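Me: I am in my first year and would like a close look at a single part of this structure, namely its aromatic rings and how they pair. Please take me through it slowly, and add some of the surroundings where they help.

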Amino acid sequence: MIGIFKQKASTNALILFIYALVLKFPLFLHPYPPVLHAEDNYLYRYVLTVLNSLFGHSALAYAILSFIILFSQATLLNSICNYHKMLPRANYLPAMCYILITSLLPDWGHFSAPLLINSIIIWCWYRMVALYNSSSPVTAIFNIGLFLGIATLLYVPAMAFLILLFFALLIMRPFRIQEWFVGFIGFTSPYYFLILILYFVHQLHWTNLVPHIQFTFPAIPQSVWIVASISLLVIPFVIGGIYVQNNLNKMLIHVRKSWSLLLAFLVAAILVIIINKAGSYENWIVTAMPFAVFHSAAYYYPQNKFLVRVLHWVSFSVAIVVNYLT
């Protein structure tokens, strides 16, 4: 399987779809309706209201929508990694790793606000990486800030990604205070419209604008399979990080900066996890993108193909057990 996805063949898109169906078919067997959490913000609640009117509270419809979103995120991430040459050769490993990783924790297949903002922040990371040689950086920075601000209207803890925007400006651009200011203006722009809406519906009050933020420790896993899944997130990440570090001198400066920004992304994602703890692992999905890219390096670089295959099939087996049998 690793050998197949290590190539960039036209048939790999179909194989990836079948791979995703095998891992995520339990989404359709046991569909899970969306559950509102305290951290879900105005925009997500509105989206859920619209979807409920369309789907009639059908859990299966939400399962199908979640699958479509996850598969589209995997293919988008794969295209970005290939375009920016995160690995020496174009392949389908990032997409495979994203599908596999998001199958290790069943909560990541649920329709939720973190699942929606994952699409936004994957696109934002793509635009951040492109800042290195952007011909119109001010426009790009404003757009990144704008979409990150929209993400916070879906899910309050996404405010942690404002730190990622500043990391991107620090890593990808020479310091210019006006660019930092433009990014902050873009980030706060959606709240100008929120203020107008709240004013016209007579709900304009500072408590409806200022989010309640509280830092908490993530829940302790209650199942040995959850512990195994988290371990299989961390171990390939460490292996991939080691191989990336060993090959940095062979990479272009732009690619090195992209890997550094990916680590900053993971830091911001961890902050999202510890802000206003949800009652499930749904909010952990914001870490899936950086994990997937580092996992793809763990499968790409090693010369010992046997150990790579063992690592993949162990992860695949745990995902099958977690989704089908537990």
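Reply: Two rings of Phe, Tyr or Trp, the six-membered ring being used for Trp, count as a pair if their centres lie within 6.5 Å. With that rule in hand, please keep in mind that what you see is a predicted model. Ring pairs link Phe17, Phe25, Phe28, Phe67 and Phe71 into a cluster, and by the rule just given the count of aromatic pairs comes to 22. In one of these pairs, the ring centres of Phe17 and Phe67 are 5.8 Å apart and the ring planes stand at 80°, so the pair is edge-to-face, a term for planes over 60 degrees apart. Because Phe17 belongs to helix H2 (residues 12-24) and Phe67 to helix H5, this pair ties together parts that are 50 residues apart in sequence.

Are these two rings buried or exposed? Phe17 is partly exposed, with a relative accessible area of 34%, whereas Phe67 has a relative accessible area of 7% and is buried, since buried means under 20%. Another aromatic pair is formed by Tyr281 and Trp284, which is also edge-to-face, with 5.0 Å from centre to centre and 85° between the planes. Tyr281 is buried at a relative accessible area of 14%, and Trp284, at 14% relative accessibility, counts as buried too.

Helix H5, which holds Phe67, also contains Asn82. Asn82 is buried, with a relative accessible area of 18%, and, if its neighbours within four places in sequence are left aside, Asn82 is in contact with Lys8, Arg89, Ala90 and Asn91. Helix H5 (59-83) has a further role in the picture, for this helix, helix H3 (26-29) and helix H14 (305-325) each supply at least two residues of the lining of the largest pocket. That pocket has a volume of about 370 Å³, and of the 24 residues that line it, the closest to its centre are Leu27, His30, Tyr32, Pro106 and His110. The lining divides into eleven nonpolar, ten polar and three charged residues.

Aromatic residues also appear in the largest nonpolar core, which has 105 residues, and those with the most contacts inside it are Trp125, Phe161, Trp259 and Leu261. Leaving out residues up to four places away in sequence, Trp125 touches Leu77, Ile80, Met86, Ser258, Leu261, Leu262, Phe265 and Met289. In soluble globular proteins, nonpolar side chains tend to be buried together.

Methods. Residues numbered from 1 in each chain as written. Predicted model: local features only at pLDDT ≥ 70, side-chain atom pairs only at ≥ 80, totals over all residues. Heavy atoms only, no water. Core = buried A, V, L, I, M, F, W, Y, C linked by side-chain atoms within 4.5 Å. Buried < 20%, exposed > 50% of the residue type's maximum accessible area, 1.4 Å probe, protein only. Contact = heavy atoms within 4.5 Å. 1 Å grid on protein atoms, 1.4 Å probe; cavity = no way out; pocket = protein on both sides within 12 Å on 5 of 7 lines; lining within 4 Å. Points joined across faces, edges and corners; volume = space filled by probe spheres on them. Helix = DSSP H or I, 4+ residues; strand = E, 2+ residues; numbered from the N terminus. Nonpolar A, V, L, I, M, F, W, Y, C, P; charged D, E, K, R; others polar. Phe/Tyr/Trp six-rings, centres within 6.5 Å; stacked < 30°, edge-to-face > 60°.
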